[in-house]
Amino acid sequence: MKLPTDPNTFPDHDVVIGVEHASVKYFVPHERVATFKEYAIRKIQRRIQNNEFWALKDVSFEVKKGEIFGLIGANGAGKSTLLKLVARVLKPSEGRVWVRGRVAPLLAMGAGFHMELSGRENVFLNGTLLGYPQKLIRERFNAIVDFAELQDFIDAPLRTYSSGMIARLGFSVATDQMPDVLIVDEALSVGDTAFQNKSLERIREFQKNGASTLYVSHGMGEIERTCNRAAWLDHGHLRFVGSPKEAVDLYLDRIPAVA
Amino acid sequence: MAKDASVPFYDSAKQQTAWLDEFLQTLRYKDLIMHLVKRDVTARYKRSVLGIAWTMLNPLGMMVILTVVFSQLFGSVEGYAAYILSGLIMWNFFAQSTVSGINSVVWGGDLFRRIYFPRSIFAISAIGTGIVNFLLSMVPYIVVSIFVGKPPTIYFILLIIPMVLLAMFTLGLTLIIASIGVRFPDIVEMYNNIILLAWMYLTPIIYPIDILPDWLLSLMKFNPMFHLVKLFREPIYYGQPLYPQLLGICSIIAVGTLALGWIIFSRMTDEIAYRS
């Protein structure tokens, strides 16, 4: 088990992710108004009620360079929403989020994959979607395919792949370039055990070289073992930021003992 | 704050004009457009027997049917088959590009929720796919036009100008309807099923302009596609240079629609992730 990181280890100018008073508000229509006709009728009758739902409310924290930052909380606590803010998929309704450096969101693994296209075409499509320049993809193509161990199948259409093979290819493209920030959601189960070890090794390698990690997991032991710091999210509020052990203890106290 | 220019820096609070920001991001992701077009084109043809021929046969088939049905009525039109086909090719480009562009923005949710890229890319790549299909369908047009005795003239190459204007108009309209459709999906249904059909019959695609009564003709000036189809037919069907006044009208329509669509869409773009 790692001890809580001394705050002095990471000088302030090495902050890579800044979340400042960020809130995210979803509109949850009281009754689903999906058609313009309904909307117009209700608007006239003044019956439009949007229940505001704050997925995140006034969340502030920082992630420093090289840090492994854990996020824990019950389902629906806002963990995924927070990851989306950092991945730039969502903008905060209030507050501010900034990220210095390139983000490799592993939630975007295999984004845009098309079953009719060959593995090769998908590598280019997915890589472009991740923001890799064309030249880079051409140069790195063989390395990507080698890592995914798909040399023999790369020109076959993706629909002939097993789901494990597709996941391997997605992981291989998404992690080919060392990112400044890694977003890892839940257990990273890619392919068989051998490939899982290989992918974990690659993530460790990035972390060793200074990439920061935002890590979401329900495995409390895993959080305590691997994270430098952790945050506990509860119904959109940030209850605690600090040592992973304390965060886990606080979180578990809130859950009625099952066993 | 960013000390190193090579390190990307994202700041959600950065104040920038929405339309400019969307434009700059789109430029950065321009390679993605190419890959999405390639994906759509190859995915469409990979598993079909007829392959690319289908794109050429589809408007041809419709042309044959319409020519047979309407040649009694409009037989006076010189090279009626070429007249219909030139209109159909152009209309198909417009209708297919808007429909697929709007649908991928409104229903393309999964990708939007997982990764950032400028949302307008989907609309633009739909236009790109449309252009590929359009170029393919030029082949049967040339064959038919020679066959009916209206072969291409030197002005044929001017086609590129109406095509660019049409693409701009199409993109603008796609962005406008997609922006509304994100909130109200039924608008999309209405556009796909009713508006497009009515619009096609209100535009001289299969009938000649001179059959229109005066009152309808005077209303036609409010139909952007009326002007665009006229401009489109000049170089390929009539074999004439572009008429400057018409060119002016079409340019205003194209630039205006695109500007309006772009501004509306870039304001809506953050909402897409919340809704989908």
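**Chain A fold and its contact with chain B in a predicted model**

Of the 259 residues of chain A, 42% count as buried. The model is predicted. Chain A contains eight helices and nine strands. Its contacts reach far along the sequence. Among those between residues at least 6 apart, 73% join residues at least 24 apart.

Confidence varies along the chain. The average pLDDT of chain A is 83, and 84% of the residues score at least 70. Among the elements of chain A, helix α4 (residues 134–148) has the highest mean pLDDT, 95. The lowest mean, 70, belongs to α1(A). Over residues 1–11 of chain A the pLDDT is below 50. Beyond near neighbours in sequence, this stretch makes eleven contacts in the model.

The domain assignment divides chain A in two. Domain 1 is made up of segments 1–8, 22–102 and 179–259. Domain 2 covers 109–178. Ten residues from domain 1 of chain A and seven residues from domain 2 of chain A take part in the contact between them. On the domain 1 side, five of these residues are nonpolar, three are polar and two are charged.

Strand β8 (residues 229–234) of chain A pairs with two other strands, β3(A) and β9(A). Five of the six residues of β8(A) are buried, so the strand is largely enclosed by the rest of the structure. Strand β3 (residues 68–72) of chain A runs parallel to β8(A), and four bridges join the two. Within this pairing, Leu71(A) stands opposite Ala231(A). The pairing with strand β9 (residues 237–242) of chain A is antiparallel and spans five bridges. Here Trp232(A) of β8(A) faces Phe240(A) as its opposite residue in β9(A). β8(A) and β9(A) form a hairpin, with two residues between the strands. In the turn, His235(A) has a positive phi of about 50°.

Chain A also touches chain B. The contact involves 32 residues of chain A and 29 residues of chain B. Three elements of chain A give two or more residues to its side: α1 (36–45), β4 (94–100) and α3 (119–129). The largest share, five residues, comes from β4(A). By class, the chain A side has 19 nonpolar, six polar and seven charged residues.

Strand pairing crosses between the chains. β4(A) and strand β1 (residues 9–11) of chain B run antiparallel, joined by three bridges. Trp98(A) has Asp11(B) as its bridge partner in β1(B). Thus β4(A) both gives the largest share of the chain A side and pairs with a strand of chain B.

In chain B, Met268(B) lies in helix α11 (residues 244–275). Met268(B) counts as buried because it has 21 C-beta neighbours inside 10 Å, where 20 or more are required. Leaving aside residues up to four places away in sequence, Met268(B) touches Ser179(B) and Val182(B). Thr42(B) is 226 residues from Met268(B) along the chain, and their C-alpha atoms are separated by 31 Å.

Conventions: Residues numbered from 1 in each chain as written. Chains lettered and ligands numbered in written order. Predicted model: local features only at pLDDT ≥ 70, side-chain atom pairs only at ≥ 80, totals over all residues. Contact = placed C-beta atoms within 7 Å. Nonpolar A, V, L, I, M, F, W, Y, C, P; charged D, E, K, R; others polar. Pairing = 2+ DSSP bridges. pLDDT = per-residue confidence, 0-100. Buried ≥ 20, exposed ≤ 12 C-beta atoms within 10 Å, placed from the backbone. Domains from an automatic or database assignment.
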